[in-house]
Each structure stands twice: as structure tokens, then as C-alpha cells.
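The following note is addressed to a colleague who is beginning to read structural models. Please keep the sequence and the 3D view open while going through the points.

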Amino acid sequence: MLRKLLITLCLSAALCCVAAGVERPVNSSWGLALGSAHTIDTYLTPLRYSGWGAELTYRRAQAMKFNPERWSQNVDFGLAFDSMENPARNASMYYAGFDASYAMLWRTSLPWGVTAGIGPHLRGDIGVIYLARNGNNPASVKASVTAGARGYLQRRFTLGRMPVTLRWQSELPVTGAFFSPQYDELYYEIYLGNHSGLAHAAWWGNFFRWDNQVTADLHFSPNALRVGFCQTLLSTKVNNITSRQWGFAFILGVTNDWLTVTPGRAPSAENRKIIFAY
Amino acid sequence: MRLLRFLPLLFAVVLASCHEVKEYDATPRQTFEQLWTILDEHYCFFREKGVDWEEVHSRYAPMVADRMTSRELFDVMARMLDELRDGHTNLSASFCTSYYRRWWADYPENFDWRLVQENYLNFNYISSAGIDYAVLTSNIGYIRYSSFSSPVGEGNLDAALSYLAPCDGLIIDVRSNSGGSMTYVETIARRFITDRTLAYSICHKTGPEHDAFSDPYPVYFNPAPEGRVMWDKPVVVLCNRGTFSAGNIFVSVMKSLPGVTVAGATTGGGSGMPFNSELTCGWGVRFSASPLYDADGRLTEFGVEPTEGCAVDLDPEAALAGRDTMIDFAVGLLGGNPQP
């Protein structure tokens, strides 16, 4: 099943590359999410650390060549940083991470002007939690590659004279692989060469991630101001180590709609008509 | 609206997928239970030390009351940790850090750096990156390495071993070296090997049960890279009870090498690589979690004994006369005249 999914995604990506010279609507956005961050990682500490988290994101959605009315591809990148303290506020924990994802979304129209999209996505994450007070176990590396589903509901309306796009998006990895040291295994031992038991197949029983975001795009010509709210949750339990990272954040960003064009060839009227808000 | 019927199922999945972590509050009783549980789930030497941790709980738990002060609670918990007889196990608060000191306090000091400097080095020795070295009067090289926390580089070792190359033998004095980084154990030891050599093995706990351990993972040292200065003459490693942790591992590695003799007193042990954790009240705790074994698969938590026939102490009366009987013994082993 996973193999079929990967083959489909690879073929689709190849088609996209072939179609790179053809004009297609693109929605790109830069955003900054700022809010609360919470972490428990029993490899480092049994305590819950809380503080603030920030993530800089770049998202690019583009209609696909083979069926631009129905399908879009989405490429997202994120750079996150969290700064937290323990309950006694005498120790600090930091998280820095990078994520990248690719999704193909199939779009359909629902009643009341709602647009819905759903499709598979691949996501890669790498990051590290650092707890300054620990000696031999100061850090916990977080790395995963997952495949799952992404979906959204979207509705356009006007607020006064301003067009607004209200959107809820949810992302739920289903399977994949992730890294975890063994229970009390030092990274020093891993460095020495003991690599057994570090990679784990992910399923909801040992790896659960669920990200949601609600945004409103306030359109000014091709540009829009994005405001919104997001929630992230990652909970893992493997090798008797439980790790949970979650947070809530406000989003502020700018989006831009544009067309990719082939030099020397004017955009077709048909493609101009495709309003493919990511 | 049909989708709404699936919402309870979705929330059930989310709740089931958020893996539980038991959390404690900062009251004395909860703090005590939290510390006891951390050690119960992570400490690695219960069996080897014959410690019945449940029994320890039953003795100490009644001493904890919710109305006791922080210092009173700290004292009770520190005494509980002392039951482990482990120099790598500490409780840290802002006002105190507990140490189990009897692993060295019940033994002779067997080292006086002033005595060595004054009577053997004449205060005339080279210091570089944590190592002090000189040539003793009977043409025996002497290296003092006081802490494995002091970074020592390949260039520093090249300089020292080149300087001492004309000597007939070498004393490496790691008495009262209480450890530091394992990296420097390898950096130094690989100057004394010619082939890939099994140095030690390491394992770790795989779960909270007292007997849940991984298979030991063998760790090999390779000789220093070509072009580095090597040492192939006889070596005596001098150690005492204060040789601990990485110092203890260094002695166990060197003892397994041909041409190396370990002299002095049994080392202090400390072969469990320590982990850190913490309590809700903000106190930190450190404990042994990852045992190391020597090249023969023996646990060295209780120390490394000198080579047979090479146990020697510092004679206090001789020390008053300016003699370090342990260095004299080492010089004798290397064919030098102990008292020129």
C-alpha cells in the first residue's frame, strides 16, 4: 500500500517537472507563527516544559498540469524554534527544527460555496531538543519521514468590499519511520557505532502527529494578508521513552497569487480563470 | 452532518494517541516518590550492589512529611541516595549538592602533588593542555594527568612523548584523577597500541525493569594515525582510590595492554555513565545508567585492582622525608633507581 502511494507521488512529481514550462496558477505565502510551546521528553526529563515557540513558514501551492481544475501540489517548508522552562523555572529547554512536506490535493465543491480538498502528503522533520542542565544526556534528536493525509475546507466571501478566504487545514500522518535512541542509551554510545534499535516504523500507536490551522486571507489585489491560528501535536512512545510536543500559535503572513509562464508565450485565458487558492 | 458522527471516534483516537507521562507535584511526599521512581526506573547497579530498592523505600518513606522543610527533605533524600554507594549519584538543589563520599573517604589519600613537585620534579616541569611532564633523575619519563576534563590534543601528546622519547620507561600518574571526558581516554590510550584493540564494552538500560539491559557493545581503539608519536617502551600507570570514572576506565584499558603495569591502589570505580533527570521542585538528580565493562567483560564499578604484586601505598613517614613510595615503586618496576 505504502509502495503504491510512493509510486503515485513520484509519478506525479515527475509529471509536474515535465509541465514546469507551462503557465499554472500559484499561491505562495510566507508566514510567522508565534505562540505557546510545551514539551515532555522522558529521555531528558519527566517534567513538562512550557514557553514560547515560533515558526517561519514558506508554502507554495500550484495547480497541477494533468488536471489543474481538480489537483494542486503543495510544497511547504518550516523553520521552528521553541524556548521553554521547567515548572520551577530554574532550567531551560530549547527546540530547533526544520520540516519539509509535499502534498497533492484533490479539490471538490461542496454546498454553501465551500471548497474541500484532500490528498496524500509526505513530510520530513529533523530537529533537536536541548536541555541545558543535563550532562551526558543533554539532547534528544527528533527525525521522521511520514506519509499521511492532508485535507482542507475553504470558503470565500466578502467582508464589506474585501474578498476573504477562510480556510481550515488539517494534516495527519499515518505511517512512516522515525528515530529514537533506546531507553537509557547515550548518544555517546550511538557515536561509538551502536546503531541498533534507532529506526522505528511509525503508526498511530507509537507516533501521532496532528496539525491544524485556521486562516483568513484578506485579499488586496494579488496579495493577501493572512491571519490565523494553528495547533500542533506530536506524541511518540517507543523504547519506553515518551515524548510529546504541542503548541498553539497565531499566524501572520502574506500570500501572493501569480502565474508561472513560459517565456515568449502568453498565459492562456483558460488558466487565468483557474482560481486555485492553494 | 454524517461526518459529525465520526467526531467522537476522532477525539478518542487523539486521546489514545497522546501517550501518558505520570506527573508529580512539588510537595515533599510527591517529590520523594518522584526521586525514588526515577532511580527505580533508571539506575543500573541495583543487582551488583545488592540494593533492595523497595526495602529502601519502606525505610525512608516514613521519614517524609508534608510539613517538613526543603532542607529536611533534601537530607532524607540524599541519605536514601547514599544507599546506592555510588560516586556518580547526586541530588542537587540551589543550597546543596549531595555526594556519597565514602567511596574514597574510607581509603588512604595516596597522593600529594606538592610532594611530587618538590622532590621529584624540582618545580621544573612542562605543563601543556592539562598534562605536566618531566624526566625523573633515573631517566624515567613522568606524565601527570590530573583530570580527563582537561582537553589534551594530539599535538600536545606528540610534544610530550617526543620530549620523553629518550627515557627508558614512562610513568603515567592518574592518581586522584576523578574523570571527565571519555574522548581523552582514547586520545591517550591509542598512543600505546599498535593494532585495533578491544578497549571496553558499554551497555544501557532498555526499560524500567531492574534487569532490562542491552547486550554489551564492544568498543575498539585504533592506534593513533600514522605520523603521530607512539610509545612502545614499558609503562607504569599509577593510580589510587581517587582515580574515578573516566580515570577508572583509562586504568582498565591500559591494564589490558602488553607492556603496561598498573601500580598503586585499587581505583575508585565509577563505571556507570551518568544520566541526569530532575524533580518538579526544581532539584536535579544524577545517577549511573549505562554500565561499562573492561576488555575481559568485568564490571569495574568497584574499581580496578593493580597488576598482581604491584599494590603499593604512599608511606606517610617516607613522605615526611620527601619520598613518594608509589613513584619509587614505579621507577623500580621500570628498572630505574628509586632513590638515586
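Which residue of E2(B) does B:Ser92 stand opposite? The model under review is a predicted one, and the answer is taken up in point 2 below.

1. Overall character of chain B. Chain B contains 12 helices and 12 strands. Along the principal axes, its C-alpha atoms fill a box of roughly 95 × 50 × 30 Å. Of the 340 residues in chain B, 42% are buried. When contacts between residues at least 6 apart in sequence are considered, 71% of those in chain B join residues at least 24 apart.

2. The hairpin and its neighbour. The partner of B:Ser92 is B:Thr97 in E2(B). Strand E1 (residues 90-93) and strand E2 (residues 96-97) of chain B run antiparallel and are joined by 2 bridges. Together E1(B) and E2(B) form a hairpin, with 2 residues between them. E1(B) also pairs with E12(B), again in the antiparallel sense, over 3 bridges. In that pairing, B:Leu91 stands opposite B:Val285 of E12(B).

3. An enclosed helix. Helix H10 (residues 246-255) of chain B merits attention because 10 of its 10 residues are buried, so this helix is largely enclosed by the rest of the structure. Among the buried residues are B:Ile249, B:Phe250, B:Val251 and B:Met254, and the list also includes B:Asn248 and B:Lys255. What do the buried residues of H10(B) pack against? Their partners in chain B are helix H9 (182-189), strand E7 (197-202), strand E9 (235-239), strand E10 (260-264) and E12.

4. Two residues with positive phi. Most residues other than glycine have a negative phi. B:Arg85 is not a glycine, yet its phi is positive, at about 50°. This residue lies in the loop between helix H5 (70-82) and E1 of chain B. Is B:Arg85 buried or partly exposed? B:Arg85 has 17 other C-beta atoms within 10 Å, and therefore counts as partly exposed, since burial requires 20 or more. B:Ala129, likewise a residue other than glycine, has a positive phi near 50°. The location of B:Ala129 is the loop between strand E3 (126-128) and strand E4 (131-135) of chain B. B:Ala129 counts as partly exposed because it has 15 C-beta neighbours inside 10 Å.

5. The interface between the chains. In the model, 32 residues of chain B are in contact with 33 residues of chain A. Several elements of chain B give two or more residues to this side, namely helix H1 (7-17), helix H2 (28-42), strand E8 (217-221), strand E11 (272-278) and strand E12 (284-294). Which of them gives the most? E11(B) does, with 6 residues. By type, the residues on the side of chain B that touches chain A comprise 15 nonpolar, 13 polar and 4 charged. E12(B) thus appears in three settings: at the contact with chain A, in the pairing with E1(B), and among the partners of H10(B).

6. Confidence in chain A. The average pLDDT of chain A is 88, and 85% of the residues score at least 70. Residues 13-21 of chain A, however, have a pLDDT below 50; this stretch has 7 contacts in the model beyond near neighbours in sequence. Where pLDDT is low, the predicted coordinates should not be read in detail.

Methods
Residues numbered from 1 in each chain as written. Chains lettered and ligands numbered in written order. Predicted model: local features only at pLDDT ≥ 70, side-chain atom pairs only at ≥ 80, totals over all residues. Contact = placed C-beta atoms within 7 Å. Helix = DSSP H or I, 4+ residues; strand = E, 2+ residues; numbered from the N terminus. Nonpolar A, V, L, I, M, F, W, Y, C, P; charged D, E, K, R; others polar. pLDDT = per-residue confidence, 0-100. Pairing = 2+ DSSP bridges. Buried ≥ 20, exposed ≤ 12 C-beta atoms within 10 Å, placed from the backbone.
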